[in-house]
Amino acid sequence: QVQLVESGGGLVQAGGSLRLSCAASGRTFSSYAMGWFRQAPGKEREFVAAISAIGTRRYYAESTKGRFTISRDNAKNTVFLQMNSLEPEDTAVYYCAAGQAGTTTTGYDYWGRGTQVTVSS
């Protein structure tokens with residue numbers, strides 16, 4: 001069992017940056033791939049980024065590639081999402097997830113409750 005708690009969301013102007021964190025409980029964090037997803041009002045939850053269990057592989061959605069960076073610190077059971085050049089279209093609730101990896105929600109077994117990111121124009 002893994003419990004995930006996101007933090008770092010907030011209100012930022014377009015062009016600004018935010019860094020999201022996701023703290024995981026449990027001793028098996030380093031055995032899971034980690035992903036970030038987001039969900040805007042009225043839309044499906046969509047893939048943002050993912051990182052392999054030991055951090056050697058990273059994957060990004062086309063819409064976030066070059067602007068967002070996913071990383072992890074297995075010693076601290078934490079995964080991060082650095083978001084730069086934010087756009088109003090990035091406004092959503094951001095969720096972290098732990099599982100077997102992939103770009104769809106079905107690849108993940110554990111989810112946090114999310115953190116709100118709002119980008120003003």
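Me: Which residue in S3 stands opposite valine 5?
Reply: The model is predicted: local features need pLDDT of at least 70, side-chain atom pairs count only at pLDDT 80 or more, and totals for chains, interfaces and linings use all residues. Residues are numbered from 1 along each chain as its sequence is written, and side-chain values use heavy atoms, without hydrogens and water. Strands are DSSP runs of E, at least two residues, numbered from the N terminus. In S3, the residue opposite valine 5 is alanine 23.

Me: Over how many bridges do S1 and S3 pair?
Reply: Two strands pair if DSSP finds at least two bridges between them. Leucine 4 stands opposite alanine 24 in S3. The sense of the pairing between S1 (residues 4-7) and S3 (residues 18-24) is antiparallel, and the number of bridges is four.

Me: Which residues make up the uncovered face of strand S1?
Reply: In a regular strand the side chains alternate between the two faces of the sheet. The covered face of S1 holds Leu4 and Glu6. The uncovered face is made up of Val5 and Ser7.

Me: Why is one side of S1 and one side of S7 left without a neighbour in the sheet, and which position do these strands hold?
Reply: The open sheet has four strands with antiparallel pairing, in the order S1-S3-S8-S7. S1 and S7 (68-73) each have a single partner strand, so one side of each lacks a neighbour in the sheet. The position of both strands is at the edges.

Me: What does the twist average from one strand to the next?
Reply: The strands concerned form the open sheet S1-S3-S8-S7. Axes are lines fitted to C-alpha atoms, for helices over the stretch in contact, and angles run from 0 to 180 degrees between N-to-C directions. On that basis the average twist is 15°.

Me: Which residues does the disulfide join?
Reply: A disulfide is a pair of cysteine sulfur atoms within 2.5 Å, and a search of the whole structure finds one. Its S to S distance is 1.9 Å. The pair links strands S3 and S9, 74 residues apart along the chain. The residues joined are cysteine 22 and cysteine 96.

Me: Is tyrosine 94 buried or exposed, and at what relative accessible area?
Reply: Buried means under 20% relative accessible area, exposed over 50%, and partly exposed in between (1.4 Å probe, protein chains only). Tyrosine 94 is placed in strand S9. Tyrosine 94 counts as buried, since its relative accessible area is 0%.

Me: How many residues are in the largest nonpolar core?
Reply: A nonpolar core is a set of buried Ala, Val, Leu, Ile, Met, Phe, Trp, Tyr and Cys residues joined through side-chain atoms within 4.5 Å. Leu4, Met34, Trp36, Val79, Leu81, Met83 and Tyr94 touch the most other members. S3, S4, S5, S7, S8, S9 and S11 (115-120) each give two or more residues to this core. The number of residues in the core is 28.

Me: By what distance are the C-alpha atoms of tyrosine 94 and threonine 115 separated?
Reply: Leaving aside neighbours within four places in sequence, tyrosine 94 is in contact (heavy atoms within 4.5 Å) with several residues, including Trp36, Leu81, Gly114 and Thr115. Along the chain, tyrosine 94 and threonine 115 are 21 residues apart. Their C-alpha atoms are separated by 5.3 Å.

Me: Which residues are linked in a network of salt bridges?
Reply: A salt bridge is a side-chain nitrogen of Lys or Arg within 4 Å of a carboxyl oxygen of Asp or Glu, and the structure holds four. Glutamate 46 meets arginine 38 at 2.6 Å, N to O, while arginine 67 meets aspartate 90 at 2.8 Å. The latter pair links the S6-S7 loop to the S8-S9 loop, 23 residues apart. The network is made up of Arg38, Glu46, Arg67 and Asp90.

Me: What is the relative accessible area of aspartate 90?
Reply: Within the network of Arg38, Glu46, Arg67 and Asp90, glutamate 46 is partly exposed at 36%. Arginine 38 is buried at 5%, and arginine 67 is buried at 12%. Aspartate 90 is also buried, with a value of 1%.

Me: Which residue meets glutamate 62 in a salt bridge?
Reply: Glutamate 62 is exposed, with a relative accessible area of 65%. Its partner is partly exposed, at 46%. The N to O distance is 2.8 Å, and the partner is lysine 65.
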